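Colleague: I'm new to this one, so could you walk me through the labels people put on its residues? I'd like to hear the reasoning behind each.

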Amino acid sequence: MTAKFASRRPLTEDEEAEIQRMIASDPDAPEASDAEIAEARPFAAVFPEMAASIDREIARRGPGRPPVESPKVAVTIRVEPEVLQRFQAQGKDWRSRMTEALRKAAGL
């Protein structure tokens, strides 16, 4: 599917006008008026129980992934196509096998 309005170039005035007309004609998402924006309140003020529940769940899950003792380092390496094809032909975990071959070659 091709996009009607490609993001690789600036929009023309006609394209911008058409987009604005499309936005204005959407009955499910009317643009908020200045009065509505002035009356807006924070989520936690409108739904305090739900906000507290969300905060508890976030706290329960913790800070995210635990730190790795020895994280891997991202590098760029150039190899001959035949070498890469040989590792990839052996299956999905070709990166692990390549790492193991490099560890062996390094005497680790």
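Modeller: Sure, starting with a definition: buried means under 20% relative accessible area, exposed means over 50%, and partly exposed is in between. Keep in mind that this is a predicted model.

Colleague: Okay, why is R97 called partly exposed?
Modeller: R97 has a relative accessible area of 22%. Buried would need under 20% and exposed over 50%, so R97 counts as partly exposed.

Colleague: What makes D93 and R97 a salt bridge?
Modeller: Their side chains come to 2.3 Å, N to O. The cut-off is within 4 Å, so the pair of D93 and R97 counts as a salt bridge. D93 is partly exposed too, at 44%.

Colleague: How many salt bridges does the structure hold?
Modeller: Four. One of them joins R9 and E15, with the closest N and O atoms 2.7 Å apart.

Colleague: Are R9 and E15 buried or exposed?
Modeller: R9 is partly exposed, with 38% falling between the two limits. E15 has 15%, and since buried means under 20%, E15 is buried.

Colleague: How do you know that E57 and R61 are separated by about one helical turn?
Modeller: Both sit in helix α4 (residues 48-61), and they are four residues apart, so about one helical turn lies between them. E57 and R61 also form a salt bridge, with the closest N and O atoms 2.9 Å apart. R61 has 61%, over the 50% limit, so R61 is exposed, while E57 is partly exposed at 28%. Together with R60, they are linked in a network of salt bridges.

Colleague: Why is the pair of F43 and F47 called tilted?
Modeller: The ring planes of F43 and F47 are at 45 degrees. Stacked needs under 30 degrees and edge-to-face over 60, so the pair is tilted. The ring centres are 5.4 Å apart, and pairing requires them to be within 6.5 Å. A search of the whole structure finds one aromatic pair. Both rings belong to partly exposed residues: F43 has 42% and F47 has 41%.

Colleague: And the largest pocket, what lines it?
Modeller: About 590 Å³ of space lies in the largest pocket. It has 14 lining residues, and the closest to its centre are V73, V75, R95, T99 and L102. Helix α6 (residues 94-105) gives the most to the lining, with seven residues. By kind, the lining divides into nine nonpolar, two polar and three charged residues.

Methods
Residues are numbered from 1 along each chain as its sequence is written. This is a predicted model: local features need pLDDT of at least 70, side-chain atom pairs count only at pLDDT 80 or more; totals for chains, interfaces and linings use all residues. Side-chain values use heavy atoms; hydrogens and water are left out. On a 1 Å grid over the protein atoms alone, a cavity is a set of points where a 1.4 Å probe fits but cannot get out, and a pocket is an open set with protein on both sides within 12 Å along at least five of seven lines; lining residues have an atom within 4 Å of a point. Grid points are joined across faces, edges and corners, and a volume is the space filled by probe spheres set on the points. Helices (H or I, at least four residues) and strands (E, at least two) are DSSP runs, numbered from the N terminus. Ala, Val, Leu, Ile, Met, Phe, Trp, Tyr, Cys and Pro count as nonpolar, Asp, Glu, Lys and Arg as charged, and the others, Gly among them, as polar. Rings of Phe, Tyr and Trp (its six-membered ring) pair if their centres lie within 6.5 Å; planes under 30 degrees apart count as stacked, over 60 as edge-to-face and the rest as tilted. Buried means under 20% relative accessible area, exposed over 50%, partly exposed in between (1.4 Å probe, protein chains only).
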